[in-house]
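Student: I've got the file open and a few things to ask about it. Can we go through it bit by bit?
Tutor: Fine, put it up and start wherever you like.

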Amino acid sequence: MRGSLPQAAAPGPKPLELAGRALLCTVLVLAVLQVCSRPLAQALLPGLRAVVPLLDPRFQLSEVRLARHGADEVVRFRGNLSRPLLVQGRIVSPFGWNGTPPGGFQITYTLGGVLQYSAGLLIFTLAWPVSGRRELARRLALALPCIALLPLAIVPLTVVAEFRHGLMSLVAPGPPGGLLIASRYLMGGGGWAIVLVAAALCIDRARLIDRQSNPR
Amino acid sequence: MSELATNEAPHRPLALPWRAAGFVAAFSVLQLAWQRLDGSRLEYWIIHTCTVVPAALLADFLTPGAGVWAAGYLLQAPGLRLDILNGCDGMEALFLLLAAFAVAPLAWRRRWAGAALGIPLVLALNQVRILVLFYALRANPPLFDTLHATVTPIVLVVLLCCYFHAWLATPSRSARTEAA
């Protein structure tokens, strides 16, 4: 029509509506997390135990369990070199090997730190409005594997990075290695970048699949 | 038909995966550059002068008897200290927001305005986070651990996403004027 402007399509929910939904989902997920963080972390332990040596077979884990660290409950990783290594021209033996003093590397991870990104992804997945239960089911079907895999990807990477950094600090102190940089990147917002991207893609794909299944 | 006189971006159907990749790339550049500044004067200025000192002033204003002071990267009071590093400085949250605006489907003026307005918002929200953590540490250390590891990071990211969405969803002033 003459004199009129083309109107852009509405980009989703209204800001206040989304803020309200996000707040509600945040409260609900955090409440569930407060109650269930221990059993959830316990369920992840076998996976965490399996992934760490896959990332770096030079280290072996002697212990992966829930423990108390002050007032906090944590996942505690204890490890050692799996065999003597040649590091920058020096033979480095595992702790307690052939008369060397006993010991090892220890990393603790708060339960909140382990589950933080999964909780965030679940919040964003639930907060964005859906057109119906089928779309929500599709969205959750896409998001739940990511929710389960996030701690199994990020936590072992940090553990191995810190083990390596601990080793190098003892043997040949220097600038942080690539894995430690990657670990600090993930812990410093990179994990959230992955969460936001995963949430956006799951929401978008579920909506597309829903529209293809139910053309209006 | 009248000419479109608005600063809204023309419709550019850049697929979401490409925007997502751009978002991760933009964030990565900012975050890795920040990590390289570890121990630098700029890092000290941003964390000590722009983050810890205002937090100490605010805490002193709210609770004059608490004896709060800023010491380097530490927010200190008798019997306790809060280390403002590794996320508590708010820089990662700021980088997430700036990266989102870098790839958002917006005209350049609105993109810059949204990012510019987001900077004081992130700083303000981060100050609130630091104060919440400080008072939790002072009153209830177990509560501090829960807030620090889980609640405050999630709430901060959720609030920034709400701001970003609100900016995307709200038409510019010129678009509203034209439509009126």
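Student: How many residues does helix 3 of chain A have, and how far does it reach?
Tutor: This is a predicted model, and in it helix 3 of chain A, residues 133-171, has 39 residues. From first C-alpha to last it reaches 57 Å, close to the 57 Å expected at 1.5 Å a residue.

Student: Where is the kink in helix 3 of chain A?
Tutor: At Leu149(A), shortly before the proline Pro151(A), with an angle of about 30°.

Student: And helix 5 of chain B, what should it span and what does it span?
Tutor: Helix 5 of chain B covers residues 141-169, which is 29 residues, so at 1.5 Å a residue it should span 42 Å. Its end C-alpha atoms are 40 Å apart, which agrees.

Student: Which residue is the kink in that one centred on?
Tutor: Leu147(B), and the kink in helix 5 of chain B is about 50°.

Student: Sticking with chain B, what's the overall layout?
Tutor: Along the sequence the pattern is α-α-β-β-β-α-α-α-α, made of six helices and three strands. Chain B has 180 residues, and 44% of them are buried. Of its contacts with a separation of 6 or more, 68% are between residues 24 or more positions apart.

Student: How many residues of chain A are in contact with chain B?
Tutor: 41 residues of chain A, against 36 residues of chain B. The two chains bury about 3,000 Å² between them, with 77% of that on carbon and sulfur atoms.

Student: How many salt bridges between chain A and chain B?
Tutor: Zero. Over all chains the structure holds eleven salt bridges.

Student: OK, back to those later. Why call strand 2 of chain A largely enclosed?
Tutor: Strand 2 of chain A, residues 72-81, has ten residues and nine of them are buried, so the rest of the structure largely encloses it.

Student: What does strand 2 of chain A pair with?
Tutor: Strand 1 of chain A, residues 59-69, pairs with it in the antiparallel sense over ten bridges. Strand 5 of chain A, residues 105-110, also runs antiparallel to strand 2, joined to it by six bridges.

Student: So what stands opposite Val75(A) in these pairings?
Tutor: Leu66(A) stands opposite Val75(A), and in strand 5 of chain A the bridge partner of Val75(A) is Tyr109(A). Val74(A) stands opposite Thr110(A) in strand 5.

Student: Which residue takes a positive phi in the hairpin of strands 1 and 2 of chain A?
Tutor: Gly70(A), with phi near 70°. That hairpin has two residues between the strands.

Student: Which residues are on the covered face of strand 5 of chain A?
Tutor: Phe105(A), Ile107(A) and Tyr109(A). Gln106(A), Thr108(A) and Thr110(A) form the uncovered face. In a regular strand the side chains alternate between the two faces of the sheet.

Student: What about Asn80(A), buried or exposed?
Tutor: Asn80(A) is in strand 2 of chain A. Its relative accessibility is 13%, and since buried means under 20%, Asn80(A) counts as buried. Leaving out residues up to four places away in sequence, Asn80(A) touches Arg58(A), Phe59(A), Gln60(A), Pro94(A), Phe95(A), Gly103(A) and Phe105(A).

Student: Now the salt bridges. What does Arg164(A) pair with?
Tutor: Asp56(A), at 2.7 Å from N to O. The pair links distant parts of the chain, 108 residues apart: Arg164(A) is in helix 3 of chain A, while Asp56(A) is in the loop between helix 1 and strand 1 of chain A. Asp56(A) is buried, with a relative accessible area of 2%, whereas Arg164(A) is partly exposed at 28%.

Student: And where do Arg139(A) and Glu135(A) lie?
Tutor: Both lie in helix 3 of chain A, four residues apart, about one turn of the helix. Their side chains meet in a salt bridge at 3.4 Å, N to O. Arg139(A) is buried with a relative accessible area of 0%, and Glu135(A) is buried with 5%.

Student: Why would residues three or four places apart point the same way in an α-helix?
Tutor: An α-helix has 3.6 residues a turn, so residues at that separation point the same way.

Student: How far apart are Asp204(A) and Arg207(A)?
Tutor: Three residues, both in helix 4 of chain A, residues 178-213. Their salt bridge is 2.9 Å, N to O. Asp204(A) is buried at 11%, and Arg207(A) is partly exposed at 33%.

Student: Which residues are joined into one network?
Tutor: Glu63(A), Arg65(A), Arg76(A) and Arg78(A), through salt bridges that share partners.

Note on methods. Residues numbered from 1 in each chain as written. Chains lettered and ligands numbered in written order. Predicted model: local features only at pLDDT ≥ 70, side-chain atom pairs only at ≥ 80, totals over all residues. Heavy atoms only, no water. Expected span 1.5 Å × (residues − 1). Bend = angle between axes of the 7 residues up to and from the residue. Buried < 20%, exposed > 50% of the residue type's maximum accessible area, 1.4 Å probe, protein only. Pairing = 2+ DSSP bridges. Contact = heavy atoms within 4.5 Å. Buried area = accessible area lost by both parts, 1.4 Å probe. Salt bridge = Lys/Arg side-chain N within 4 Å of Asp/Glu carboxyl O.
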